[in-house]
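Got a few minutes to look at how the inside of this chain is packed? Have the sequence and the model open, and let's go through some questions.

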Amino acid sequence: MLVSLAVTIAWVIYVSLSGQWVRVGNNWQAALTMVFGSFVAGSTPQGSGAIAFPVFTKVLEVPSDVSRTFSLCIQAVGMSTASLAILINRRLVEWRAVIVGCATSMVSFSVALFVIGDPSQPFWASVLPDEYVRVTFTLVLAGMAFVVFLGTRVRIRKVDTALPPMNARLYVALILAGLVGGVASALTGSGADVMLYLFIVVLFGLDPKVGVPSVVLVMTSVAILGLLVLGIGHGQLSVELSDGQTGEVIAVNDRSVVGEEVDGGVVPVFDTETAADDDEEVPAVPSQRFDLFGMWLAAVPFVVWGAPAGSWAASRMKARHLVYFALSLAVLEVVSTAVFVDGLHEPGGLLVYGVVGMTVMIVGLYLLAKYRQRIFGLPGVPLSETLQRGSLDVVPGYEEQLATRAEQLEEQAEQLRDLRPEDLLGGGPVATGPQGPSEEAAPRDDLSVESAEPEGPSGGAAPQDDPSGESAEPEGPSGDDAPQDDPSGESAEPEGPSGEATLQDDPSGEAAPQDDPSGEDAAAALESDRPEDDDRTDR
């Protein structure tokens, strides 16, 4: 908070002394965008560029090269304050990933600027068409969203506060993530944090509460490098307006610029002696789209508070909620690209690039996530290890299901403990389980051997043997009385619900078992029927 307060005071003093309040007010759209963007920068792995770049390029119609430099310069301020808050509060950080990610992403960022960029342009424009850069940014976020979605389908998973023991394949993966993220950051102003998060959290199983501050530190280093190279070194923050605080852009880095019509729009180019001597009227360079310094200056006081606030909120959010928040932002980016990028609405190279790129990325990331343990040599979960609640990431709905099931099992255990052996043989109350109350079993007959009779289809109590030797049969589903015993004195016993014959009482007073269809002795089955072996209490 002290850092944010100090930056805010310094900002107020500078704006007041330089008379820039009108210029700040003219760029209120950038300030409003970064109110939300700075919070996202501190709380998610996507950085404020995930908000600034799509809003600027799709809503405010700011060119992608200006949007990229703005994202880097404003993240250098906002994410630096968030990084200081992380270090001061001693948040858990995976330093191995931070060191490898910073080194590789900064190298690839610098190389990509010269390979796919044109430093002779006022804002170091990319050689790629503007719409291709926008779609590339969307593909990066869509890939992360897809892998995160695969992770949310796991009901319960083990998360760690540190990466597993490092091997050569893990180091190669971290280096690859840094290289790709650096190139993406050179194009769009964001990407180093997204790619590193994709590997260390989604694929390697690092706790998001550790992964987010780790990738914030990496993106901070790339953003500071972008501020130094593009904003200060290349002079892109040195923008001069025709009327001081208003008007058109007339110079960048103390060099005169003029407008040039390209694909129905106006882009700034450095003025030449030939152009200066030409009497032809040239289009003006609108400050609403190219006043990079004005946009950056208007957003500074909001990001120095928003980014630390986002970092504080992320430290108190559940891991699943943090993932869902990042996932929703990625989905919003994909939808906005499909709506606002006109080149995707008609057949052409851009549409093919988007469809093929999305397909290759989804299939590749799916296979990578499915076989991640084999590919990266990750250790499996040790089944003999006692897992603490803090090391498990559980879906909230699954927690409720486990709690409900535990209550049901406890009720069944209580009912089983209350049973007596004679209750199971028909001599006392029989519990029907958690579905209903217990019922009184029918009294026993006068025979010396007790016969456990099953219930009929109507769910009534077991039949009784009367003194005459005849057995009263249970009623069938229609309510009619079942036929009685034959004159031989043998009683035809009813079949239970499974269709198997039950025990008969013969004249000798001993229970003679009948052969059931399976060929097993019913008496032996009765002898082995113990309450601890069978969770059914209805006999």
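Q: Which residues form one aromatic cluster with Phe199 and Phe204?
A: This is a predicted model, and in it Phe199 and Phe204 make an edge-to-face aromatic pair, 6.3 Å centre to centre with 70° between the planes. Phe199 counts as buried at 6% relative accessibility, and Phe204 counts as buried at 6% too. The residue that completes the cluster with these two is Phe376.

Q: Which helix gives the most to the largest nonpolar core?
A: That core has 66 residues, and Leu163, Leu174, Phe199, Ile200, Leu203, Phe204 and Phe376 have the most contacts inside it. With 11 residues, the top contributor is helix α9 (residues 192-203).

Q: How far apart, centre to centre, are the rings of Phe53 and Phe137?
A: Phe53 sits in helix α4 and Phe137 in helix α7, 84 residues apart, so to speak linking distant parts of the chain. Phe53 is buried, with a relative accessible area of 1%, and Phe137 is buried at 3%. Their planes are 45° apart, a tilted pair, and the centre-to-centre distance is 5.0 Å.

Q: Why is strand β7 largely enclosed by the rest of the structure?
A: Strand β7 (residues 265-270) pairs with strand β6 (residues 255-262) in the antiparallel sense over six bridges. Gly259, for one, has Pro268 in β7 as its bridge partner. The strand is largely enclosed because the buried residues in β7 number five of the six.

Q: Which residue's charged end sits over the ring of Phe270?
A: Look 3.8 Å from the centre of that ring. The charged end there belongs to Arg255.

Terms used:
Residues are numbered from 1 along each chain as its sequence is written. This is a predicted model: local features need pLDDT of at least 70, side-chain atom pairs count only at pLDDT 80 or more; totals for chains, interfaces and linings use all residues. Side-chain values use heavy atoms; hydrogens and water are left out. Buried means under 20% relative accessible area, exposed over 50%, partly exposed in between (1.4 Å probe, protein chains only). Helices (H or I, at least four residues) and strands (E, at least two) are DSSP runs, numbered from the N terminus. Two strands pair if DSSP finds at least two bridges between them. A nonpolar core is a set of buried Ala, Val, Leu, Ile, Met, Phe, Trp, Tyr and Cys residues joined through side-chain atoms within 4.5 Å. Rings of Phe, Tyr and Trp (its six-membered ring) pair if their centres lie within 6.5 Å; planes under 30 degrees apart count as stacked, over 60 as edge-to-face and the rest as tilted. A charge sits over a ring if NZ of Lys or CZ of Arg is within 6 Å of the ring centre and within 35 degrees of the ring normal.
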